[in-house]
Amino acid sequence: MMRRRHSGGETFEKLLARVDQRLLRHQHTEDPELVLGADAVADADALFQAVQPALEDRGLPDGNARILSAFHSLGWLHFARFRALPDHPVTEMARSLIFLLPLGKYPDLIPEVWRDVAAARSPADARAQARLGAELLAKADGSLDEPLLTASLMLLMASADALAAGTAEHTSCLSDLGLAFRIRFERFGETADLAKAITLGEQVVALSASDPELAEGLSRLGNAYGRRYIHATDTDDLNRAIALHERARALGDEAKPSPSVLFNLSNGYLNRYELNGVTADLEHALALVEQGLEIVSADDSRFPAFQYSLGRMCQRRYERTGVLGDIDRAIAAGEQAVTATPAGHSNLAGRLSTLSGAYRRRYERTRSATDLGRAVELSEQAVLITPEWSADLPVFLSNLGVAYRRQYERDRDPDTIERAVRAGERAVASLPESHTDQAILLTNLSLAHRLRAEHHGTGALFQQAVAAGEKALAATPDGHPDVAMHLSNLARAYLSRGRWAGRVPIRRLARRLRKANMAKVAPPLALVRAGWTVGVLAYSRRKRAAATELLDVAVAMLHSLVPKEAAWQDQEFGAGQHLGLVGDAIAAHCAIGDPVGALETAELGRGVVLAARMDSRTDLTDLAVAHPDLAEQFRQVRNRLNAPSASTEPLRESWAEYDRLLAQIRGIDRFAGFLGPPRFADLRAAAAGGPVILLNAGNDRSDAIILTADGSPRLLPLPYLSLEDVLAYSAILAGPAADRRDTLPLILGWLWWAAVEPVLDALAPAPGTRVWWLPTGLLGLFPLHAAGIAGRPGALDRVVSSYTPTLRALIHARARARAQVRRQLTVALASTPGLPDLRTASSEAETVHRSGTKLVNEQATVAEVLASLSKSTWAHFACHATADLSAPSNSGLHLYDGALSIPQISQLQLEQAELAYLSACSTANRGWLADEAVNLAAACQLAGYRHVVASLWPLNDAIAAIAARGFYATVSTDDGAVNAAAALHKVICDLRAVHPDRPDLWAPLIHTGP
């Protein structure tokens, strides 16, 4: 029956008399207010509540005069309302029928117009019942008006009993009845309704005589099994659902498939992807929805559902790959779905909540306050329009809590985190413990509890976060894709509990994480986060060996976060979300006295984007000699990968072929290590020209590792190099020029005694010795070569410094043949549209240019520069540059008609490139994605330049010109730029002599290369 709000107070007899008197007066006066007014509704509600106890004891009327009289009066009241309202709303018809249908044995008590349908005294009446039931069901599927569904169920049950079994009409009625029970389950969550839907669906499939009838029955039964899988997580139900939908598709016309069948099948594959994480299921689901959208027009009633599913699937793919285009597409599809869904539709709240999640995901990527505000707004709308009795309300509440949590992280308003906790607690409390969504609701609540505990600093609040996280993990079986996410969140709760922590179950968490890694069903991002957080937790509890193992596995998966077919921005975002992971892994190796493992881990986890591109350009000489056909296939796919592409699909196919060929090559004994992970025996070659010093600042310890051409790497703890200082000083270096100028002498002094001096004391190098610095994390922002205390000998007085983004980058650069001829491209822009003039750029160009091509001002277009680079061996740029600290691939050299970006430079393959001199702003600044070492200098190395001169921060215009003149006056040109590092070292020392108190003028210049 209908769910009514409670009213009480008067006796049954008085309420019945008042309703009857109202009806009589309306019959005589035809005054619509008598049945349409608020008093009429209140009387009806009160009478229904008064008869409830009798209904609960005795069921429907059937001879009970008290109940019979109440139903008679209520049925006629709603019938009168139906006729009095101008549009004759079908909801009032349904309300009337709900009370009149039980009176079928007494046809004289029923309005004549509905007597045949309600009493059903003949087969024709039973068929009319079935038709009206189907009509009401169609309106109920998409409406929150409960009476429509209740009346539909009553009509269909009555007609199913009356129609002859085995007839097409009876089978159709059973099919509609099964659908009605499934919809009622979706509304209220009563499992008995779902069981009835499945039983009826199985009967329909067994009875269906024609293909169209059978296809519809298979689809409806598949949806019922799919619903039961979502509720109870029995994989047999999911597999049964997919098999039924596949049978339904096979019955249709392959050239003109049913959109509904495609839609249902796509949801089955999406559910299976969410269970096992197999990307093929997600891609198949997406393809089916896209196929459906080619058939369904924008005015089709199914269009919003297709757009909603498209948005969900694109959001899932984004969560796995991090490709920004996927979440943009998810939002566009979600907005279309919401716009096309009418107000009051039963699916509107779900579509609002899912769209909110997509905006929240994009906010987490872009930090757009507009996206976050939209996410909160949509979640609030979803909760607001959802009835308390809805089975979907807990999920909508949890999603709202997540949106509030993100808002709190942005504005730190304590009221906001309180709202997040309240929403999360209400969600968990209103969901059965056995529900499939229980774990995700608990983990969301745990995160909110943790943030609230961090705000208040109370141990009991931290314990609430841990308790909810433990429940979430316990509710999730091994092999589920969400295990890694729950592990990560629980480990963060334990870490935040800090000094209140008692026993921490490191072994149990590590064991479950190992199983999750072996299962390979979780998104790589979740596995990396879990490995990092559980590893750091183990390290904090002095389980050093376990920490090292867990962190190494996380670092090894970083390449999985960099979709090979994706754009630079997506790749650097995937790799750059984990600033500090590599440093923590290096520190763990150092803590157990393993510098070799530290170097291998550093090489594996840093410069992931650059490493992938270097590997795709590897030398094939040996392979070509032994297996020329295989080498040629690999060369062709490599060339396709390095060519510009406007679409990810061809790249995805090329990378799949690349992986297949790589596996085939590694299957040959001699080439088993072809493009394999870095090993110390191979990395040692980086120190062939002098020591390479890796510097790492961790949360718990800081270290230097000194690599030389012979002997084992040397581990040197740096107790005075703290991550806290690194964070504070790096912010100054990346900040306003005035702050940098004022603070730099202090920073250089600290850098000297905390890191550089201990390293050089340990090395004890002869004056003028070459060294290469390999800083990790934000240490990459610091001028290590210029460290020293003002007025005293420092690094510049003891060694000639160079830098390298990775050991392999240095090995690659050293292996390239030197350019024997200097063909120089000089690019100078004294005037660039939209940017300040560079007064000395033209004179700088005149001074440094010898022979080759010179492009000045309007001549220096992007196309002209790119064309000229391929003909030159040396390149000099005197122009503006942009360094985007949060998205380094947006950085570029500003030419007359636009920017020459890092992706454009990196795609070049310059065979005889020797030296690039970037006399421009911040061309070596790595930004906040420091471990990726993505900057203009690294892009030039990737393009083929052996030597690159660049600047860590914007350089004074006049100083830049002086530095360039001094460098070119000193650098060798006979056999390549062999003394480029020494030439730049001399320039810096000369500038220091003139400006000893202004290190900001000479410290930023650095050399990268052999």
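Select Ala-704 in strand 2 and then Leu-716, which is its bridge partner in strand 3; the model on screen is a predicted one. Widening the selection to residues 702-707 for strand 2 and residues 714-717 for strand 3 brings up the whole pair, which runs in the antiparallel sense and is held over four bridges. Follow the chain from one strand into the other and stop at Gly-711, which takes a positive phi near 90° in this hairpin, where six residues lie between the strands.

Next, go to the sheet formed by strands 9, 10 and 11. The three strands make an open sheet in the order 9-10-11, with antiparallel pairing. Strand 9 (881-882) and strand 11 (898-901) are its edges, and because each has a single partner strand, one side of each is left without a neighbour in the sheet. Select residues 892-895 to show strand 10, which is joined to strand 9 by two bridges and runs antiparallel to it. Within that pairing, colour Ala-881 together with Leu-893, its bridge partner in strand 10. Then add residues 862-869, which are helix 39: this helix lies across strand 10 and strand 11, and it runs at about 30° to strand 11.

The following two stops are helix pairs. Two packed helices are described by the angle between their axes and the distance between the axes.

For one of these pairs, select residues 459-474 (helix 22) and residues 483-497 (helix 23), which pack at an angle of about 160° with axes 9 Å apart. That angle is over 145 degrees, so helix 22 counts as roughly antiparallel to helix 23. The crossing of the two helices is left-handed. To see what fills the contact, show the side chains of helix 22 that take part, among them Phe-462, Val-466, Gly-469 and Leu-473, and on helix 23 a set including Val-483, Leu-487, Leu-490 and Tyr-494. Coloured by class, the residues of this contact divide into ten nonpolar, four polar and two charged.

For the other pair, select residues 211-232 (helix 11) and residues 235-251 (helix 12), whose axes stand 8 Å apart and whose packing angle is about 160°. The angle makes helix 11 roughly antiparallel to helix 12, and the crossing here is left-handed. On the helix 11 side, the residues to display include Leu-214, Leu-218, Gly-222, Tyr-225 and Tyr-229, and they belong to a contact whose helix 12 members include Leu-238, Ala-241, Leu-244, His-245 and Ala-248. By class, the contact of helix 11 with helix 12 has eleven nonpolar, six polar and five charged residues.

Now select Asp-176, which sits in helix 9 (residues 168-188). Is Asp-176 buried or exposed? Its relative accessibility is 11%, which is under the 20% cut-off, so Asp-176 counts as buried. Leaving aside residues up to four places away in sequence, show what Asp-176 touches: Ala-134, Leu-137, Leu-156 and Arg-220.

Finally, clear the selection and look at the protein chain as a whole, which has 44 helices and 14 strands. Of its 1010 residues, 57% count as buried. Among the contacts in the protein chain with a separation of 6 or more, 70% are accounted for by residues 24 or more positions apart.

Key
Residues numbered from 1 in each chain as written. Predicted model: local features only at pLDDT ≥ 70, side-chain atom pairs only at ≥ 80, totals over all residues. Heavy atoms only, no water. Buried < 20%, exposed > 50% of the residue type's maximum accessible area, 1.4 Å probe, protein only. Contact = heavy atoms within 4.5 Å. Pairing = 2+ DSSP bridges. Axes fitted to C-alpha atoms, helices over the stretch in contact; angles between N-to-C directions. Parallel < 35°, antiparallel > 145°, perpendicular 65-115°, else oblique. Left-handed = near helix turned anticlockwise from the far one by under 90°. Nonpolar A, V, L, I, M, F, W, Y, C, P; charged D, E, K, R; others polar.
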